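Work through the exercises below with the model open. Try each task before reading its solution.

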Amino acid sequence: MRAKITYIATAAVLVFYFFLVGSRGLMLIRHGTLLTITFGVAVLILPVIGVWFLWKNTQFVRRANALAAELEAEGGLPVDDLARTPSGRIDRDAADAVFTKRREETEDAPDDWRAWFRLAVAYQDARDTPRARKAMQRAIALRASSQAAPSSPPPVSSPSGD
């Protein structure tokens, strides 16, 4: 819950910042000289990129949370029982041991979104955020493709129409 509140607060601050920057860009454009219009357009690009980035991250988080909820309902979420340092961080050796197991599971079932989800968690526990994100994106894509594919093939009719 703490992470969700932090994300919402950060997103709200960013939206406010985008509004402020955008309003300054519009003020520059309204000034009307070639230089201020050029700067105004350049300044307006920043909030556009920021809004796009925030939107893509929010979609990613929502999809990852949906997978986590589905996996939790199935009883397949990885248990967080890793050894921790006195400061509360996950012990690197414990994370590496779990990572090896998760990697082998994913190699055995490369088309299983559940294995990729658990691998993403293992990457995150091992403090490898870029690979964790890529693994989670793979899990999301596999889940989306499994939902798009029909669960059973449609009935085959004979060429004569019988």
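A salt bridge is a side-chain nitrogen of Lys or Arg within 4 Å of a carboxyl oxygen of Asp or Glu. This is a predicted model: local features need pLDDT of at least 70, side-chain atom pairs count only at pLDDT 80 or more, and totals for chains, interfaces and linings use all residues. Residues are numbered from 1 along each chain as its sequence is written, and side-chain values use heavy atoms, without hydrogens and water.

**Exercise 1.** Find the salt bridge between Arg92 and Asp96, and place both residues.

Solution.
- Step one: the N to O distance is 3.6 Å.
- Step two: both residues lie in helix α3 (residues 92-108), 4 residues apart, about one turn of the helix. Helices here are DSSP runs (H or I, at least four residues), numbered from the N terminus.
- Step three: check exposure. Buried means under 20% relative accessible area, exposed over 50%, and partly exposed in between (1.4 Å probe, protein chains only). Arg92 is partly exposed at 43%. Asp96 is partly exposed at 32%.

**Exercise 2.** Which helices hold Arg118 and Glu105?

Solution.
- Step one: their side chains meet in a salt bridge of 3.9 Å, N to O.
- Step two: Arg118 lies in helix α4 and Glu105 in helix α3, so the pair ties together parts 13 residues apart in sequence.
- Step three: Arg118 is buried at 16%, whereas Glu105 is partly exposed at 25%.
- Step four: look further. Shared partners join Glu74, Asp112 and Arg114 into one salt-bridge network. The structure holds 9 salt bridges.

**Exercise 3.** Is Arg143 buried or exposed? List what Arg143 contacts.

Solution.
- Step one: Arg143 sits in helix α5 (residues 129-148).
- Step two: its relative accessible area is 18%, so Arg143 is buried.
- Step three: contact means heavy atoms within 4.5 Å. Beyond neighbours within four places in sequence, Arg143 contacts Leu67, Glu70 and Trp113.
- Step four: the side chains of Arg143 and Glu70 share a polar contact of 2.9 Å. Such a contact is a pair of N or O atoms within 3.5 Å; within protein, one must be able to donate a hydrogen and the other to accept it, and residues adjacent in sequence count only if both atoms are side-chain atoms.

**Exercise 4.** Which element gives the most to the largest nonpolar core?

Solution.
- Step one: a nonpolar core is a set of buried Ala, Val, Leu, Ile, Met, Phe, Trp, Tyr and Cys residues joined through side-chain atoms within 4.5 Å.
- Step two: the largest has 19 residues, and Leu67, Phe117, Met136 and Ala139 have the most contacts inside it.
- Step three: α2 (34-74), α4 (113-125) and α5 each give two or more residues. α4 gives the most, with 7 residues.
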